[in-house]
Each structure stands twice: as C-alpha cells, then as structure tokens.
Amino acid sequence: MSIRPDVSEVQRAGFPMGGEPLVALDLADTLITVGEPATDLLTDPEAATRWWALQCRSLPIGPTPDIRATRRLRAAIRDSLDAHVEGRPVLSTSLEDINGTAASAPVSHRLVMTDGTLHEEARWHTEYGGNALLAAIATEAIALLTDQDRLGLLRRCANPHCSMLFLGENRRRKWCTSNICGNRARVARHYERTHQGGTV
C-alpha cells in the first residue's frame, strides 16, 4: 500500500508545495515557472535525494532515476498539465516523452495470496530497460490526463507569483498550500483593510 507524504512532511524537507495525491503533480511542481529563469528545486543533489526519499513510499522499488531523465519527464508532464490549465494543445514531444517513459519499463499485474487474502501486486519489468520510478510516474500522468473528471479538478495556485499545480478536490481550494500562499493572501487582505485610506 502506498503512503503519500503530507504537506507538513514535504515542507519540512524544504519544498514549498502541498504534497499532492499524485507523484506526477509533485514532480511537476519541482519546477517553479513564474520567474526568469525558472527555479529547479532538484538542482541540488541533496534536495533531489530528499525529494525522492519522500516519494519512494508511493513508487516501485528501484534505483533513483538519472537527473536528466527526471527533468525530461518533468518537462513533459509540466507542459501537459499547463496546457490543460491554459486551454492550449499539449506539445507532441511532451506526449512522446510521457509515452516513451511509461513504456520503458512495462508492468504486469498479478494476484498474490498473503495470509489467506488476495491482493494485486505489480511487477515492473526493468530487465527491458527504463527506470521503474519514472515509468510509474509517467503512467500516473497518463491516468490523470485521460480522466476528464479528475483532470477537471486541476488548478494553478491563485497566487500570481506561484506556479504550483494541485487537484482541487475541495471546490473552494484556491491556493497550493494554505500555510504559504493562502497565508500570504490573508496577510495582504489584512494589510489592505488596516491601511485603507492611510497616507504614504
């Protein structure tokens, strides 16, 4: 059973994101696109190690992926998700990269009996090449991008200085995290109310 990290774990590890229910979203959010140049949260090897340690509970067992392959998949997922939010077509190269990564380590599902109970087990066939962690993330992205109901929940943070994406399973959710961007908005609203009519 996979256990996703919650927002407090993600933030304690040094990442300003919300610990989304999908690793694909957390991976996309490791590239902050609102600045020039964009900020890559996985550039520092120690940060990348912390990020993968958080995500490993939700992914198949395997070696940490090469940073170039990780960035390539991240760019493809980010473009695909941004395209949906922005109402534009996904780049064909993004689709090719997601599909290629998903196919690079095929998976087979089997029934396994444990203590008298049947459960499903996935076997990632890395003997054909590829990285099981990246293949699992790409497969997760495919599932999201083809599930119109769930994709309809995809939003970008309402803070214009934030590029984080999230699934707004609560329709009222506007911020990537309530304790970062949500708090900044509350502080700004409070400042406006208490300083209205004041002189500079």
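**Figure 1. Phe 15 and its surroundings in the predicted model.** Setting aside neighbours within four places in sequence, Phe 15 is in contact with Val 10, Leu 41, Leu 42, Ala 47, Arg 50, Trp 51 and Leu 54. Of these partners, Ala 47, Trp 51 and Leu 54 are among the buried residues of α3. Keep Phe 15 in mind for the next view, too, since Phe 15 is one of the residues that touch the most other members of the largest nonpolar core. Please remember throughout that this is a predicted model.

**Figure 2. The largest nonpolar core, with its 48 residues.** Here we bring together the residues that touch the most other members: Phe 15, Trp 51, Leu 73, Ile 77, Leu 81 and Ile 137. At least two core residues come from each of α2 (23–28), α3 (45–55), α4 (67–86), α5 (92–104), α6 (132–145) and β6 (165–167). Which element gives the most to this core? That is α6, with nine residues. In soluble globular proteins, nonpolar side chains tend to be buried together.

**Figure 3. The two sides of helix α3.** Ala 47, Ala 48, Trp 51, Trp 52, Leu 54 and Gln 55 are the buried residues of α3. Looking down the axis of α3, you will find these buried residues within an arc of 155°, so they line one face of the helix. An α-helix has 3.6 residues a turn, so residues three or four places apart point the same way. Pro 45, Glu 46 and Thr 49 are exposed on the other side of α3. The cover over the buried residues of α3 includes α1 (7–12), α2, α4 and α6.

**Figure 4. The one aromatic pair of the structure.** Trp 51 and Trp 52 make up this pair, and their arrangement is edge-to-face. The centres are 4.8 Å apart, with 85° between the planes. Are these two residues buried or exposed? Trp 51 counts as buried at 0% relative accessibility, and Trp 52 counts as buried at 6%.

**Figure 5. Cysteines in a model with zero disulfides.** Cys 181 is in no disulfide, and the nearest cysteine sulfur, that of Cys 176, is 3.7 Å away. For a pair of cysteine sulfur atoms to count as a disulfide, they must lie within 2.5 Å. Cys 181 is buried, with a relative accessible area of 3%. Cys 56, by contrast, is partly exposed, with a relative accessible area of 43%.

**Figure 6. Backbone details in two loops.** The peptide bond joining Glu 36 and Pro 37 is cis, with omega about -5°. Pro 37 is found in the loop between β1 (31–32) and β2 (39–40). Turn next to Asp 115, which lies in the loop between β3 (107–114) and β4 (117–124). Asp 115 has a positive phi, near 50°, although this residue is not a glycine. Asp 115 is also exposed, at 78% relative accessible area. Most residues other than glycine have a negative phi, and most peptide bonds are trans.

**Figure 7. Stepping back to the whole chain.** The protein chain has eight helices and six strands, in the order α-α-β-β-α-α-α-β-β-α-α-β-β-α along the sequence. Of its 200 residues, 42% count as buried. Among contacts with a separation of 6 or more, 55% are between residues 24 or more positions apart. The accessible surface comes to about 11,600 Å², and 55% of this surface belongs to carbon and sulfur atoms.

Methods: Residues numbered from 1 in each chain as written. Predicted model: local features only at pLDDT ≥ 70, side-chain atom pairs only at ≥ 80, totals over all residues. Heavy atoms only, no water. Core = buried A, V, L, I, M, F, W, Y, C linked by side-chain atoms within 4.5 Å. Buried < 20%, exposed > 50% of the residue type's maximum accessible area, 1.4 Å probe, protein only. Helix = DSSP H or I, 4+ residues; strand = E, 2+ residues; numbered from the N terminus. Contact = heavy atoms within 4.5 Å. Areas by Shrake-Rupley, 256 points an atom, 1.4 Å probe, with all protein chains shown as cover. Phe/Tyr/Trp six-rings, centres within 6.5 Å; stacked < 30°, edge-to-face > 60°. Arc of directions from axis to C-beta.
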